[in-house]
Amino acid sequence: MDKNLTPLEAEEKIKAGGISVLDVRTPEEYAEGHIGGSLNMDVSEPSFAQGISVLDKNKEYLVYCRSGGRSSTAQEIMAKASFRNVYNLSGGIIAWNRRGLPIIK
């Protein structure tokens with residue numbers, strides 16, 4: 001199963017509900033603009049693994065960063081921690097913005 005979603009596929013899943021959105025960029029990047037309803041958990045912080053340990057492993061998650069690199073890392077970490085349904089936003093927030101999709105500033 002493909003675990004990458006295009007911005008339009010991701011937006012559809014968000015609108016349908018039932019998917020949690022994780023922004024894995026720095027708090028500074030998050031403050032510059034993020035997908036509405038997303039939770040900011042910086043994947044570069046040593047506390048990331050501990051932070052995700054409190055999340056429900058059976059839920060669906062969409063992870064994103066600036067361009068897709070850090071979110072791929074987050075996706076791998078979450079898979080190793082037994083999360084079953086973690087999707088990566090292909091192209092990150094850059095691709096989301098290119099599509100003109102809404103962000104919160």
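Hi everyone. Of the 105 residues in this chain, 41% count as buried. Please keep in mind that this is a predicted model.

Let me start with the overall picture. The chain has five helices and five strands, and if you follow the sequence from the start, they come in the order β-α-β-α-β-α-β-α-β-α. Along the principal axes, the C-alpha atoms fill a box of roughly 35 × 30 × 20 Å. What about the radius of gyration? A compact globule with 105 residues would be near 13 Å, and the chain has 12 Å, so the two agree. As for contacts, take those between residues at least 6 apart in sequence: 68% of them join residues at least 24 apart.

Now let's go inside. The largest nonpolar core has 14 residues, and Leu22 and Met78 are the ones that touch the most other members. Helix 3 (48–52), strand 4 and helix 4 are the elements that give two or more residues to this core. There is also a second, separate core of 12 residues, with Ile35, Leu62, Tyr87 and Leu101 included in it.

If you click on Leu22, which residues does it touch, leaving out those up to four places away in sequence? You'll find Leu39, Met41, Leu55, Tyr61, Leu62, Val63, Tyr64 and Met78.

Tyr61, one of those contacts of Leu22, brings me to the aromatic rings. A search of the whole structure turns up one aromatic pair. The partners are Tyr61 and Phe83: their ring centres are 5.5 Å apart and their planes meet at 80°, so this is an edge-to-face pair. Where do the two residues sit in the chain? Tyr61 is in strand 4 (residues 60–64), while Phe83 is in the loop between helix 4 (69–80) and strand 5 (85–89), so the pair ties together parts that are 22 residues apart in sequence. And are they buried or exposed? Tyr61 is buried, with a relative accessible area of 2%, and Phe83 is buried too, at 6%.

While we are on rings, have a look at Tyr87, which is included in the second core. Lys3 lies over the face of the Tyr87 ring, at 5.1 Å from the ring centre.

Next, helix 1, which covers residues 7–16. Its buried residues are Pro7, Ala10 and Glu11. Why do we say that they line one face of the helix? Looking down the axis of helix 1, the buried residues fall within an arc of 100°, so they share one face. As a reminder, an α-helix has 3.6 residues a turn, so residues three or four places apart point the same way. What do the buried residues of helix 1 pack against? The answer is strand 1 (4–5), strand 4, strand 5 and helix 5. On the other side of helix 1, Glu12 and Ala16 are exposed. Right after the helix comes Gly17, with a positive phi near 85°.

Last stop: Asn97, a residue of helix 5 (residues 92–98). Its relative accessibility is 38%, so Asn97 counts as partly exposed; the cut-offs here are under 20% for buried and over 50% for exposed. If you want a distance to check on screen, the C-alpha atoms of Asn97 and Gln75 are separated by 21 Å, and the two residues are 22 apart along the chain.

That's my tour. Thanks for listening!

Key
Residues numbered from 1 in each chain as written. Predicted model: local features only at pLDDT ≥ 70, side-chain atom pairs only at ≥ 80, totals over all residues. Heavy atoms only, no water. Helix = DSSP H or I, 4+ residues; strand = E, 2+ residues; numbered from the N terminus. Buried < 20%, exposed > 50% of the residue type's maximum accessible area, 1.4 Å probe, protein only. Phe/Tyr/Trp six-rings, centres within 6.5 Å; stacked < 30°, edge-to-face > 60°. Lys NZ or Arg CZ within 6 Å of the ring centre and 35° of its normal. Core = buried A, V, L, I, M, F, W, Y, C linked by side-chain atoms within 4.5 Å. Contact = heavy atoms within 4.5 Å. Arc of directions from axis to C-beta. Rg over C-alpha atoms; globule rule 2.2 N^0.38 Å.
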